[in-house]
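I sat down with this one to go through the chain contact, a helix pair and the overall build. My notes follow in the order I looked things up.

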Amino acid sequence: MGVRVSSEWLNSCSGCEISIIDMGERLLDVLQVADIVHLPALVDSKYFGQLGDQKHLSLPEADVGIISGGIRNEEHLEVAHEMRRKCKLIIALGTCATHGGIPALGNSYTPGQIMERAFSTETTDKPDAYPSDGVPAMLEACYALDEKIKVDIYLPGCPPHPDQVFNALVALVQGKPLNVPTRSVCDTCPTVRKGKGEVKQVRRFLQAPQYQGPDEPLDRMRCLLEQGLLCMGPVTRAGCGGDAVTPRCISARVPCRGCSGPVRHEGNQLLDMMNALASNGIDFKSIPNRPLLLRFSGAHSLLKPAIHERRSS
Amino acid sequence: MSQTITIQPITRIEGHASIKIWLDDAGNYKDARVNYMSLRGFEKFVEGKPAEELPDIVCRICGICPWMHHLASNKAVDRCFGVTPTPAGHKLRELMQTIAHAEDKLLHFYFLAAPDFVIGPDADYAVRNVVGIAKANPELATQVVKTRYMVKMILDKFSRKTIHPIAGVPGGFCKPMLEEERTDILGKMRQVLDFALFTIDFAKKNVFPKYLDAIKTLGVITTGFIGTVDDTGAHNLYDGKIRLMKPDGSYVDFDVQDYADYLGEHVEPWSYGKFPYARVWNEGFALDVDHPRGIYRANTLARINVADRMATPRAQAELEEFRALFGRPAQATLLYHYARLIEEVYACERAIEILEDPSITDPNVRAQVEPRAGRGVGCVEAPRGTLIHDYSTDENGLITRANLIVGTTHNLGPMNLSVKQAARALIHDGQVTEGVLNRIEMAVRAYDP
């Protein structure tokens with residue numbers, strides 16, 4: 001019998017699961033040594049028994065539990081606790097699980113504000129009450145997994161590169177230590193840095209950065225932050241490029257948006273970026289929307305509703 | 001004693017949903033529903049954000065079709081800012097979207113749907129999955145995994161990031177295509193077309209005939225349909241006008257900027273997902289299996305139903321064969337799978353057409369953009385249906401308001417109806433087996449939610 005693997009997705013988009021499938025043929029190798037006992041995207045195991053007649057949610061036991069997505073409602077919370085009980089090891093897969101991810105942008109608002117908008121758009125027939133029958137209640141915020149359960153291994157990324165997922169699974173099966181990136185995107189970026197840019201204001205990404213043409217190698221292009229673009233490379237964990245290392249977005253001549261979360265797990269991308277901008281001589285006040293610096297890491301109480309909204313909710 | 005059955009989670013689909021079935025004292029169907037379990041709040045939390053950042057934020061609505069959200073969003077922002085993408089930028093966007101469709105349909109057919117047909121609806125759930133297929137038919141499985149991976153890596157290598165893309169930008173695309181990239185991708189897409197043709201032949205010979213009875217009965221309902229067509233009425237995935245068809249086959253065409261005049265969204269107390277319906281029909285909304293009101297369907301079957309023809313030759317030949325068998329509009333729910341494979345052929349043919357046009361390598365891929373106040377509706381056909389992003393911006397180009405109608409949601413009402421129909425037809429005298437419950441799920445799976 002191989003290593004038993006159980007996988008769940010919570011407040012997520014399924015991109016992490018597709019990244020697992022994007023291992024390509026390596027997936028077939030993984031399936032040789034892993035028994036998938038639960039994985040809703042691909043396997044038909046059910047919470048309430050295969051006949052749907054059990055009273056309590058129950059998941060199979062496993063050696064490794066992989067969870068993507070943060071915790072946004074009561075069902076997510078229940079599933080996360082059950083995964084923790086039944087799995088020897090929990091992997092937080094993807095930045096939603098490690099830091100809240102994009103959905104934690106919702107933490108700037110109360111659940112009431114979120115529902116108010118969702119159920120009053122111009123095409124929506126406004127209901128008398130918000131849905132509450134048979135749907136799990138929303139929690140106050142979107143939480144990273146480790147705010148609610150113990151996490152053993154963090155694999156951030158939006159999504160994590162298939163190479164990272166594969167390397168992690170291989171290390172687990174072989175009982176070897178995991179090689180998780182600890183440097184920043186900047187540390188792995190080949191663009192040319194001179195130390196300080198000439199630009200004092202953040203330039204919004206409305207036109208292409210300057211470079212000589214499509215043939216110009218990346219190591220001849222000027223650092224995007226020094227060109228004034230809001231590149232989150234200095235405050236973002238490396239690894240998005242997988243074994244190829246080179247940061248993905250920058251190789252498309254697009255600034256890093258920070259999708260792997262902070263360099264250190266407990267880092268704060270907003271505060272760290274203020275420092276990075278200051279040392280580049282760029283005025284922090286010229287950023288059009290500050291919460292956006294936490295667009296991938298708004299859990300852990302870093303993004304919160306305005307105080308008056310918290311009081312009234 | 002009355003009984004409640006909970007199928008949770010619905011598996012081999014792409015989101016979070018569950019089915020509840022209520023039986024009466026005699027063990028017969030009383031009612032059923034599909035609950036959509038989560039609300040993330042995109043329509044709220046994009047407010048205040050610079051519009052040009054939205055295409056990279058809203059793609060996180062779906063990790064399976066991120067290109068669709070990314071591009072619908074780019075189109076909406078183009079319109080808010082009053083910019084027209086350069087011709088090469090426009091073509092690169094359509095190329096990415098079309099190839100993403102080609103990948104998505106292989107994923108759905110082989111990884112999600114096929115276990116029901118190849119392994120069988122009554123098989124043990126431990127083998128009724130892609131792993132079971134890999135063990136039962138290793139040669140085909142290897143070919144599937146290789147081909148899907150090749151398509152996915154075309155997108156990944158060229159655009160640099162395919163799950164949660166960043167390559168589309170307001171005004172066009174972030175990087176041009178080099179000639180050697182064009183020839184490389186063209187060669188690969190020709191291979192994918194061969195595999196698409198193999199797949200539809202394989203399904204027509206080995207899969208659909210075996211399940212003809214199920215096709216004629218399982219989850220069958222009568223509804224209208226929605227999809228995008230070009231100026232000539234031909235099927236289109238990337239751009240065009242919206243066609244809303246009634247169950248009798250009559251239809252209206254409209255500009256997506258006016259979508260709110262035609263579509264509404266109904267709210268039920270038991271679902272976070274809202275239920276789009278045809279407001280323009282003036283018949284309200286009702287999830288009544290025998291007399292549905294306002295209900296239309298989206299996604300593959302809907303698109304090939306509303307289209308007068310397919311725009312590429314091989315796909316058109318397949319459509320003609322399909323229509324000769326099932327008519328227009330075809331209503332049987334399991335035909336979504338068949339329609340999906342016709343669209344797979346189209347997506348490959350269309351990608352090849354775009355790549356054969358040398359102007360795709362024009363380096364002028366991005367038009368100059370200035371933020372401004374405006375409103376824009378962006379729309380593409382996502383694999384799961386007509387996807388609408390509607391934004392307003394202030395004078396600094398920050399989002400003041402967003403309304404999203406996501407492809408899958410058009411089918412939330414129809415999925416409920418199909419599940420009600422299937423449960424009513426399949427459950428008698430308290431006889432509930434895994435096979436029966438899986439068949440009820442198959443009525444959902446056809447919609448690829």
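**Contact between the chains.** I began with how chain A and chain B meet, bearing in mind that this is a predicted model. I get 73 residues from chain A and 80 residues from chain B in the contact. On the side of chain B that touches chain A, I listed the elements that supply at least two residues each; among them are strand S1 (3-7), helix H5 (130-136), helix H6 (138-159), strand S14 (399-405) and helix H14 (434-445). Which element gives the most to that side of chain B? It is H6(B), with 6 residues. I then sorted the residues on this side of chain B by class and got 39 nonpolar, 22 charged and 19 polar.

**A helix pair inside chain B.** Next I looked up helix H7 (residues 179-207) and helix H12 (residues 335-356) of chain B. Their axes are 9 Å apart and the helices pack at an angle of about 160°. Angles over 145 degrees count as roughly antiparallel, so that is what I call H7(B) and H12(B). Left-handed or right-handed crossing? I have H7(B) and H12(B) down as left-handed.

I also noted who meets whom. From H7(B), the residues include Ile185(B), Leu186(B), Met189(B), Leu193(B), Ala196(B) and Ile200(B). On the H12(B) side, I find Leu341(B), Val345(B), Cys348(B), Ile352(B) and Leu355(B) among the partners. Charged residues turn up here too, including Arg182(B) and Arg190(B) in H7(B) and Glu344(B) and Glu349(B) in H12(B). By class, I have this helix contact as 16 nonpolar, 5 charged and 1 polar.

**One residue, Ala214(B).** I found Ala214(B) in helix H8 (residues 212-217) of chain B. Is Ala214(B) buried or exposed? A residue counts as buried with 20 or more other C-beta atoms within 10 Å; Ala214(B) has 21, so I put it down as buried. I also checked Ala214(B) against Thr86(B): they are 128 residues apart in sequence, and their C-alpha atoms are 48 Å apart in space.

**Chain B as a whole.** I have 14 helices and 14 strands for chain B. Its C-alpha atoms fill a box of roughly 70 × 50 × 40 Å along the principal axes. For 449 residues, I would expect a compact globule to have a radius of gyration near 22 Å, and the 21 Å of chain B agrees with that. Buried residues come to 64% of the 449 in chain B. Last, I looked at contacts in chain B with a separation of 6 or more: residues 24 or more positions apart account for 71% of them.

Definitions and conventions:
Residues numbered from 1 in each chain as written. Chains lettered and ligands numbered in written order. Predicted model: local features only at pLDDT ≥ 70, side-chain atom pairs only at ≥ 80, totals over all residues. Contact = placed C-beta atoms within 7 Å. Helix = DSSP H or I, 4+ residues; strand = E, 2+ residues; numbered from the N terminus. Nonpolar A, V, L, I, M, F, W, Y, C, P; charged D, E, K, R; others polar. Axes fitted to C-alpha atoms, helices over the stretch in contact; angles between N-to-C directions. Parallel < 35°, antiparallel > 145°, perpendicular 65-115°, else oblique. Left-handed = near helix turned anticlockwise from the far one by under 90°. Buried ≥ 20, exposed ≤ 12 C-beta atoms within 10 Å, placed from the backbone. Rg over C-alpha atoms; globule rule 2.2 N^0.38 Å.
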